[in-house]
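Colleague: I am new to this structure and would be grateful for a close look at a single part of it. Please begin with the annotated site and then continue to a helix packing.

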Amino acid sequence: MRHALDLARTVLHTTSPNPRVGCVIVRDGLILGEGATQPPGGPHAEICALRDAAARGLSVTGATFYVTLEPCSHFGRTPPCVDAVLAAAPGRVVVAMGDPNPQVNGAGLARLRAQGVPVTTGVCLPEALALNAGFAARMSRGMPWLWAKTAASLDGRSALHNGMSQWITGPAARADGHAWRARADVVLTGMGTVQKDDPRLTVRDVAVPRQPRKAVVDGRLQISESARLFDGEEVWVFTAHDDPVKAERLRRRNARVIVLPGPEPGRVDLHAMLRWMARQHVNEVHVEAGAGLTGALLSAGCVDEILAYIAPVLLGDAYAMVKLPMLSDLADARRFEFIDALPIGGDVRLRGRFADRWQALLSAANPR
């Protein structure tokens with residue numbers, strides 16, 4: 001199963017909106033065939049593994065299939081994988097996580113069992129889910145998985161009062177941040193960051209087969225048509241201000257303006273924004289924004305995970321990494337659980353997530 005997970009990691013940037021899946025077919029300790037899900041419209045992992053075995057001239061009858069996600073049981077862009085698995089007459093099927101897609105959700109496993117195929121489930125479930133948290137979130141709760149990337153000093157400061165913030169962390173941390181950009185479907189920032197840094201929001205420090213989509217939260221629709229992020233690819237601009245004239249000018253720069261006003265004047269409804277993204281088949285959102293938008297997303301309960309790069313410097317009186325309301329009781333603090341701490345060059349990368357969000361996904365992905 002760990003080898004199947006490694007195969008799934010090789011397609012980290014190419015399968016969305018489909019999940020990243022790997023499959024290995026084994027008999028007597030020997031690999032007969034292996035494969036990973038191809039880009040949308042292409043074959044899924046099980047089909048790739050079966051074709052690999054056929055290309056080797058090997059029969060898979062009676063073999064064990066290790067697959068990181070429950071074989072699909074419905075017609076989408078491709079036929080149901082469970083039909084191909086059953087036609088191969090497996091001796092056993094081992095599955096890491098269930099498919100929370102309502103069109104599957106245990107039906108693939110039920111088909112296998114109904115035909116007398118022994119099925120083992122839940123092997124390496126957390127590892128499989130970590131590769132597909134966004135897919136599981138979109139299918140089970142109708143919203144993508146969102147992580148907020150921050151870069152700060154030891155005392156939690158992200159920019160000087162004159163606006164200078166480049167560069168608090170070193171080049172290795174920046175390259176690692178680009179790797180996280182690369183795996184996301186959408187890179188999201190705020191209007192303040194666009195005004196201050198005029199970012200491109202592209203992946204530059206790692207080689208990728210495709211660039212993630214770019215999106216901006218711009219409550220009052222103040223973005224300039226000359227912003228560098230308008231580079232020909234479609235950009236989503238989420239706003240609370242309905243201005244058809246400005247929207248038409250932005251459309252000429254290949255920007256799509258989505259008006260989603262929240263209860264506060266000039267503020268975007270962030271939950272509605274994420275639900276809208278999910279309807280566009282977005283699995284994962286990488287937020288790279290200032291303290292204001294990051295804090296607003298946290299306050300609205302939209303953040304699932306924090307990706308924090310901490311530099312070994314002290315900045316003193318400077319802007320905080322996130323803007324949140326003042327608390328009067330520690331019991332009201334937003335608490336994450338650390339899941340990773342890793343030196344990156346001269347800096348440290350910390351990953352933390354909300355434990356209840358993760359547990360909800362584990363429950364949704366638990367094979368039935």
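Modeller: A helix here is a DSSP run of H or I with at least four residues, and the helices are numbered from the N terminus. The model is a predicted one. In these terms, T294 is placed in helix α11, which covers residues 291-299. A296 belongs to helix α11 as well.

Both residues appear in an annotation: the unreviewed UniProt entry gives the feature "binding site" at A151, T193, D197, G290, A291, G292, L293, T294, G295 and A296. The two are set differently with respect to the surface. T294 has a relative accessible area of 1%, and because buried means under 20%, T294 counts as buried. A296, by contrast, has a relative accessible area of 24% and is therefore partly exposed. When neighbours within four places in sequence are left aside, the contacts of T294 are A148, T150, A289 and V322.

T193, another position in the UniProt record, leads to D198. With residues up to four places away in sequence not counted, D198 touches T193, A227 and R228. D198 is found in the loop that runs between α8 (191-197) and β9 (213-217). Its relative accessible area is 26%, so D198 is partly exposed. From C-alpha to C-alpha, D198 is 43 Å from C23 in space, and 175 residues separate the two in sequence.

Consider next helix α6, residues 133-141, in which A133, G134, F135, A136, A137 and R138 are buried. The cover over these buried residues includes the helices α5 (125-131), α10 (270-279) and α12 (355-365), together with the strands β6 (145-152) and β12 (284-287). After α6 comes G142, which has a positive phi, near 75 degrees.

Of these covering elements, α12 may be followed further. Its axis and that of α6 come within 10 Å and cross at roughly 80 degrees. Angles of 65 to 115 degrees count as roughly perpendicular, and α6 and α12 are therefore roughly perpendicular to each other. On the α6 side, the contact is made by A133, A136, A137, S140 and R141, while α12 contributes R357, W358, L361 and A364. Sorted by class, this contact of α6 with α12 has six nonpolar residues, one polar residue and two charged residues. A133, A136 and A137 thus appear twice in this account: they are buried in α6, and they take part in the contact with α12.

Conventions:
Residues are numbered from 1 along each chain as its sequence is written. This is a predicted model: local features need pLDDT of at least 70, side-chain atom pairs count only at pLDDT 80 or more; totals for chains, interfaces and linings use all residues. Side-chain values use heavy atoms; hydrogens and water are left out. UniProt positions are given in the numbering used here, feature names are shortened, and annotations may be inferred rather than shown by experiment. Helices (H or I, at least four residues) and strands (E, at least two) are DSSP runs, numbered from the N terminus. Buried means under 20% relative accessible area, exposed over 50%, partly exposed in between (1.4 Å probe, protein chains only). Contact means heavy atoms within 4.5 Å. Axes are lines fitted to C-alpha atoms, for helices over the stretch in contact, and angles run from 0 to 180 degrees between N-to-C directions. Angles under 35 degrees count as roughly parallel, over 145 as roughly antiparallel, 65 to 115 as roughly perpendicular and the rest as oblique. Ala, Val, Leu, Ile, Met, Phe, Trp, Tyr, Cys and Pro count as nonpolar, Asp, Glu, Lys and Arg as charged, and the others, Gly among them, as polar.
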